[in-house]
Amino acid sequence: MCSGKDSGFTLLELLISVFLLTAVVFIAAGAMRLGSRSVEKGENKMQQHERVRAVLEIMDAQVQSEIPLQYDEDNSRKYFFRGDRWSLQFPSSHSVQGSRSGCMLIAYQVFSEPGGTALYVYEKLMGMEEWSGIKLLDKAEYIGFGYYSRDAGSG
């Protein structure tokens, strides 16, 4: 039955096979870790985009339900709208919280915070003193407001 040689593997063959198996396991584990990190980053990016989309929908609803209130100042009528690069304030009938109804004063404010800029919205019922605020976005690279208007002389 046997030809005189012992059947089996030499120590060198065993060491080479264990080394190759270990290398394959490490490569597979690294690939799985890289894949899971990529999935996690993709999910985080998707959550950020979804949050921005939701914030833009809120802002759109509030701007579309803006109430063109006017007030008298220096013998002229002015609209109750204020804004600059870092803030926006206007009256609206749409509340962020949804539980309030009536004419709301809405104020968006951009703040610089550690890790980026943040967008807050504050609201109060017209004629009331108490503001309530919510952080809408944070850790953004840039947030700002831009305004467009016709030149008074262009007709």
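This is a short tutorial dialogue on reading one predicted model.

Q: What kind of model is this, and how are residues numbered?
A: The model is predicted: local features need pLDDT of at least 70, side-chain atom pairs count only at pLDDT 80 or more, and totals for chains, interfaces and linings use all residues. Residues are numbered from 1 along each chain as its sequence is written, and side-chain values use heavy atoms, with hydrogens and water left out.

Q: How do I look for empty space, and how much lies in the largest pocket?
A: Rolling a probe the size of a water molecule over the atoms shows where empty space is left. Here a pocket is an open set of points, on a 1 Å grid over the protein atoms alone, where a 1.4 Å probe fits, with protein on both sides within 12 Å along at least five of seven lines. A volume is the space filled by probe spheres set on the points, which are joined across faces, edges and corners. The largest pocket holds about 240 Å³.

Q: Which residues line the largest pocket?
A: Lining residues have an atom within 4 Å of a point. For the largest pocket they are Lys 45, Gln 48, His 49, Arg 51, Val 52, Leu 137, Asp 138, Lys 139 and Ala 140. Helix H1 (11-64) and strand E7 (132-140) are the elements that give two or more residues to this lining. H1 gives the largest share, five residues. Helices (H or I, at least four residues) and strands (E, at least two) are DSSP runs, numbered from the N terminus.

Q: How does the lining of the largest pocket divide into nonpolar, polar and charged residues?
A: Ala, Val, Leu, Ile, Met, Phe, Trp, Tyr, Cys and Pro count as nonpolar; Asp, Glu, Lys and Arg count as charged; the others, Gly among them, count as polar. The lining has three nonpolar, two polar and four charged residues.

Q: Is Arg 51, from that lining, buried, exposed or partly exposed?
A: Buried means under 20% relative accessible area, exposed over 50%, and partly exposed in between (1.4 Å probe, protein chains only). Arg 51 is partly exposed, because its relative accessibility is 44%. Arg 51 sits in helix H1.

Q: What does Arg 51 touch, not counting residues up to four places away in sequence?
A: Contact means heavy atoms within 4.5 Å. On that basis Arg 51 touches Lys 135, Leu 136 and Leu 137, with residues up to four places away in sequence not counted. Arg 51 and Leu 136 are 85 residues apart in sequence, yet 8.3 Å apart in space, C-alpha to C-alpha.

Q: Which backbone atom lies 3.2 Å from a polar atom of the Arg 51 side chain?
A: A polar contact is a pair of N or O atoms within 3.5 Å; within protein, one must be able to donate a hydrogen and the other to accept it, and residues adjacent in sequence count only if both atoms are side-chain atoms. For Arg 51, the partner is the backbone oxygen of Lys 135.

Q: Where do Glu 123 and Ser 65 make polar contacts?
A: A polar side-chain atom of Glu 123 lies 2.9 Å from the backbone nitrogen of Val 96. Glu 123 is in strand E6, and counts as buried because its relative accessibility is 2%. The side chain of Ser 65 reaches the backbone nitrogen of His 94 at 3.4 Å. Ser 65 lies in the loop between H1 and strand E1 (70-73). At 18% relative accessibility, Ser 65 is also buried.

Q: Which members of the largest nonpolar core touch the most other members?
A: A nonpolar core is a set of buried Ala, Val, Leu, Ile, Met, Phe, Trp, Tyr and Cys residues joined through side-chain atoms within 4.5 Å. The largest one has 15 residues, and Tyr 108, Leu 119 and Phe 145 touch the most other members. H1, strand E4 (87-92), strand E5 (104-113), strand E6 (116-125) and E7 each supply at least two residues of this core. E5 supplies the largest share, four residues.

Q: What is the sign of phi in Asn 75 and Lys 139?
A: Most residues other than glycine have a negative phi. Asn 75 has a positive value, near 60 degrees. Asn 75 lies in the loop between E1 and strand E2 (76-79), and is exposed, with a relative accessible area of 85%. Lys 139 also has a positive phi, near 55 degrees. Lys 139 is in strand E7, and is exposed at 65% relative accessibility.
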